[in-house]
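Me: I've got a fold open on my screen and I'd like to talk through its contacts. Can we go over it piece by piece?

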Amino acid sequence: MSQFISLSSGSSGNCYYLQVDDYGLIIDQGLSVRKFKQICSNYGLSIAKIKAILVTHDHTDHVKGVGALSRDFRIPVYTSQAVHDSIMRNHFVSKKVPLNLQHTIERGIEFELGPFKITSFAVPHDSADNNGYKIRWDDKCFVLLTDVGHFSDDMPDIIHQATHLVIESNYDEHMLVTGRYPLRLQKRISGPNGHISNAETAVFLASNLNRDLIKKVWLCHLSAENNVPRIAYETCAEKLAEAGYILNGENRNVSLEVLARQTPSLLTDL
């Protein structure tokens, strides 16, 4: 049995959980350990089954609790060396990942953790480094792609392999330009190393999903100020429908869900 749950997705903290049988894998840990433990308890998730943590990048909302969780439960952490180094310098990460639990991965080189075969790929963002992950097991291919400044040339092929996809849909363009953010911050968010908009994600998905493989898409990391779940969903759903995807009813060929910023998603069988 394989399952997925988003514990939190947004600027207040990001954490995703994959489990195959008795092997649990965390992607990012931007929550306090106390909150992480409480969610696990509420949803029947066993921390003892968590065997590894993957980290996308070094921003605090993705790594605030990674050192504490790793240290308290002796869980190894896997990411690029640039991310490891930046976490060690991040003063918002009060507990650091012990050196003997830091494992460095090489981009594009597949490695195995339990049942998972994992490959990282570059994601443009204004961080020390940013990794997307393609995670394969059995006939599943789970891809996570967050904090995306722009879609790079190698991403269409990666997305085309996905059976299950978590992808950023950060902001609505109209809300951003008419909102309270100063122009400098607007440019940072919409720039090539910032975040990706609902419209950009919708077009990208409609153009590059593999209709013979894709089962589920989750939209993640929505902005609290410049997005709302309804707009993110409708923007993406419209483009997918135009491309011939059926999202609702008994004959649907893909499921679309927006992940909440501060509350867990449903625990989903994959």
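**Contacts in a predicted model**

Leu240 is found in helix H9. Keep in mind that this is a predicted model.

Me: Is Leu240 buried or exposed?
Reply: Anything under 20% relative accessible area goes down as buried. Leu240 comes out at 0%, so the label is buried.

Me: Which residues does Leu240 touch, leaving out those up to four places away in sequence?
Reply: Leu240 belongs to helix H9. With residues up to four places away set aside, the ones Leu240 touches are Leu205, Ala206, Leu209, Tyr245 and Leu247.

Me: How far apart in space are Leu240 and Lys35?
Reply: In sequence, 205 residues separate Leu240 and Lys35. In space, going C-alpha to C-alpha, the distance is 35 Å.

Me: Tyr245 came up just now. Which residue puts its charged end over the ring of Tyr245?
Reply: Tyr245 is one of the residues that Leu240 touches. The charged end sitting over the Tyr245 ring, 4.4 Å from its centre, is that of Arg211.

Me: On to salt bridges. How many are there?
Reply: The rule asks for a Lys or Arg side-chain nitrogen within 4 Å of an Asp or Glu carboxyl oxygen. Asp22 with Lys49 is one such pair, with the closest N and O atoms 3.3 Å apart. The count by this rule is 10.

Me: How many residues apart in sequence are the parts that Asp22 and Lys49 tie together?
Reply: Asp22 and Lys49 form a salt bridge. Asp22 lies in the loop between strands E2 and E3, and Lys49 in the loop between helix H1 and strand E4, so the pair ties together parts whose separation in sequence is 27 residues.

Me: Of that pair, is Lys49 buried, partly exposed or exposed?
Reply: Its partner Asp22 has a relative accessible area of 53% and is exposed. Exposed takes over 50%, and buried takes under 20%. Lys49 has 28%, so the label is partly exposed.

Me: What is the closest N and O distance between Arg188 and Asp126?
Reply: Arg188 lies in helix H7 and Asp126 in the loop between strands E8 and E9, so the pair ties together parts 62 residues apart in sequence. Arg188 is partly exposed at 33%, and Asp126 is partly exposed at 32%. The closest N and O atoms of this salt bridge are apart by 2.7 Å.

Me: Which residue forms a salt bridge with Glu225?
Reply: Glu225 is partly exposed at 34% relative accessibility, whereas its partner is exposed at 64%. The closest N and O atoms of the bridge are 2.8 Å apart, and the partner is Arg180.

Me: Now the rings. Are Tyr23 and Phe116 stacked or edge-to-face?
Reply: The structure holds 8 aromatic pairs. In this one the ring centres are 5.9 Å apart and the planes stand at 70°. Planes over 60 degrees apart count as edge-to-face, so the Tyr23 and Phe116 pair is edge-to-face.

Me: Where do Tyr23 and Phe116 sit in the chain?
Reply: Both residues are buried. They link distant parts of the chain, 93 residues apart, with Tyr23 in strand E3 and Phe116 in strand E8.

Me: What is the angle between the planes of Phe151 and Phe204?
Reply: Phe204 is buried, with a relative accessible area of 7%. The Phe151 and Phe204 rings form a stacked pair, 3.9 Å centre to centre, and the angle between the planes is 5°.

Me: Which residues form one aromatic cluster with Phe4?
Reply: Rings pair if their centres lie within 6.5 Å. Alongside Phe4, the cluster is made up of Tyr16, Phe142 and Trp218.

Me: Are H1 and H3 roughly parallel or roughly perpendicular?
Reply: The axes of H1 and H3 come within 9 Å and cross at roughly 70°. Angles of 65 to 115 degrees count as roughly perpendicular, so H1 and H3 are roughly perpendicular.

Me: Which residues of H3 make that contact?
Reply: From H1, the contact involves Val33, Phe36 and Lys37. From H3, the residues are Ala68, Leu69, Asp72 and Phe73.

Me: Last one: what is the phi of Asp28?
Reply: Asp28 is placed in the loop between E3 and H1, and Asp28 is buried, with a relative accessible area of 0%. Asp28 is not a glycine, yet its phi is positive, at about 65°.

Terms used
Residues numbered from 1 in each chain as written. Predicted model: local features only at pLDDT ≥ 70, side-chain atom pairs only at ≥ 80, totals over all residues. Heavy atoms only, no water. Helix = DSSP H or I, 4+ residues; strand = E, 2+ residues; numbered from the N terminus. Buried < 20%, exposed > 50% of the residue type's maximum accessible area, 1.4 Å probe, protein only. Phe/Tyr/Trp six-rings, centres within 6.5 Å; stacked < 30°, edge-to-face > 60°. Lys NZ or Arg CZ within 6 Å of the ring centre and 35° of its normal. Axes fitted to C-alpha atoms, helices over the stretch in contact; angles between N-to-C directions. Parallel < 35°, antiparallel > 145°, perpendicular 65-115°, else oblique. Contact = heavy atoms within 4.5 Å.
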